[in-house]
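Me: I would like to learn how to read salt bridges, burial and pockets from a set of coordinates. Please take one feature at a time and show me the case here.

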Amino acid sequence: MDELLAAQSATADDYSDRRGFDVDFLGVTIPMPGLKNVESVLLPYTHFSVLMRPDKRLAAVTGLGIDGSKLRDLGRSGITWRMDPRLSEDQQTGERVYARNDIDRGHLVRRASAVWGDTQAEAARANQDTFHYTNAAPQAAKFNQGLELWLGMESYLLDHAADHRRRLVVFTGPIFSDIDPVYRGVEIPLRFFKVAVFVHQGNPAATGYVVDQSPELAGLPDVPRPGAVDDVPPLGPFRTFQVPIRDIAELTGLELEQLVEADRMPIAATLGEVRVGSTWRLLASPEDLDLDFDLLGAGVP
């Protein structure tokens, strides 16, 4: 109970020891993506950072470093969602959006991926940090509970692709669009992206993914029906696509130039002026990844 009260009464000064996303986590510098000509606020937490868009009251992108050799199995019992005191309440999305409906607080930084550390205390603080509303986005309950492939991609890549001490960097966020339905004053993103970055033969390698929740939102009675999307293929519920990182950059406005160059999806090297969305590849399992090297041969025992 004392820890709960302390979390609820936290001040900005209580976060002064949060180091956030480590740009040198992989041994090569991978900067946190930024946004041009859009106001944003970078919030560091334990093992991850959140780049907030106050105009949307949601994150533009989260950046997480995962150390697979130090993961710890901690539960979530007793941890409550809370606002971040470093932002005003009108710059983040709180409980009002999630109350009395079928909309979940969807973690952007996956809780289990952030819970690692040299000590139990370090992992426990990361665990608690993932329960800030700044690390959540509104997701239809069925959608949030049916993302096995989407979430499992991080574990799969940790096991097979990161040859630098089983380390992985993951950037995750919403894809905002003009047709996102507005619910209780907040735009609900129809789509989300993930970019995984690892080291292959001493160089950064990256893969990009998109998942769609618009079919599930259409079934919620209080949420306006999403509009039609013309620039990307209809994805359907729980369907995950591997996509060129160039497409993610164009859809989000994020500065991902280094990761576009490191994209290991073969088609990414020959895109030219190809329309965004036209080369997306449906994944039924992690083994469906389309890469220009043997992923299973890239890992370490």
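Me: Which side chains meet in a salt bridge at 3.0 Å, N to O?

Reply: Side chains of opposite charge can pair when their charged atoms come close. Keep in mind that the model is predicted. Here the side chains of Asp17 and Arg18 meet at that distance.

Me: Is Asp17 buried, exposed or partly exposed, and where does Arg18 stand on that scale?

Reply: Buried means under 20% relative accessible area and exposed means over 50%. Asp17 has a relative accessible area of 39%, so Asp17 is partly exposed. Arg18 has 15% and is therefore buried.

Me: Which parts of the chain does the salt bridge of Arg167 and Asp67 tie together?

Reply: First the pair: the side chains of Arg167 and Asp67 meet at 3.3 Å, N to O. Arg167 belongs to strand 6 (residues 167–175) and Asp67 to strand 3 (residues 58–67), so the salt bridge ties together parts that are 100 residues apart in sequence. Both residues are buried.

Me: How many salt bridges are there in total, and which residues are joined into one network?

Reply: The count comes to 16 salt bridges. One of them pairs the side chains of Asp247 and Arg246 at 2.9 Å, N to O. Asp247 is buried because its relative accessibility is 1%, and Arg246 is buried with a relative accessible area of 16%. As for the network, salt bridges that share partners join Asp17, Arg18, Arg125 and Asp129.

Me: Let us turn to a single buried residue. Where is Glu154 found, and why does Glu154 count as buried?

Reply: Glu154 is in helix 5, which covers residues 148–160. Its relative accessible area is 2%, and Glu154 is buried because that value is under 20%.

Me: What does the side chain of Glu154 make a polar contact with, and which residues is Glu154 in contact with?

Reply: The polar partner is the side chain of Lys194, at 2.9 Å. With neighbours within four places in sequence left aside, the contacts of Glu154 are Ile66, Arg110, Ser113, Leu168, Val170 and Lys194.

Me: How should I read Arg264, and where is its place?

Reply: Start with the segment, then check accessibility and partners. Arg264 sits in the loop between helix 8 (257–261) and strand 12 (281–283). Its relative accessibility is 17%, so Arg264 counts as buried. A polar contact of 2.8 Å joins its side chain to that of Asp292.

Me: How far apart are Arg264 and Asp290 in sequence and in space, and what does Arg264 touch?

Reply: Arg264 and Asp290 are 26 residues apart in sequence and 8.0 Å apart in space, C-alpha to C-alpha. Not counting residues up to four places away in sequence, Arg264 touches His200, Ala205, Ala206, Asp290, Leu291, Asp292 and Phe293.

Me: How much space lies in the largest pocket, and which residues are closest to its centre?

Reply: The largest pocket holds about 440 Å³ of space. It is lined by 20 residues, and those closest to the centre are Arg76, His107, Arg111, Asn144 and Leu151.

Me: Which elements supply the lining, and what is its make-up by class?

Reply: Strand 4 (103–107), helix 2 (111–114), helix 5 and strand 9 (191–200) each supply at least two residues. Strand 4 gives the largest share, 4 residues. By class, the lining has 10 nonpolar, 4 polar and 6 charged residues.

How values were computed: Residues numbered from 1 in each chain as written. Predicted model: local features only at pLDDT ≥ 70, side-chain atom pairs only at ≥ 80, totals over all residues. Heavy atoms only, no water. Buried < 20%, exposed > 50% of the residue type's maximum accessible area, 1.4 Å probe, protein only. Polar contact = N/O pair within 3.5 Å; in protein donor to acceptor, adjacent residues only side chain to side chain. Contact = heavy atoms within 4.5 Å. 1 Å grid on protein atoms, 1.4 Å probe; cavity = no way out; pocket = protein on both sides within 12 Å on 5 of 7 lines; lining within 4 Å. Points joined across faces, edges and corners; volume = space filled by probe spheres on them. Nonpolar A, V, L, I, M, F, W, Y, C, P; charged D, E, K, R; others polar. Salt bridge = Lys/Arg side-chain N within 4 Å of Asp/Glu carboxyl O.
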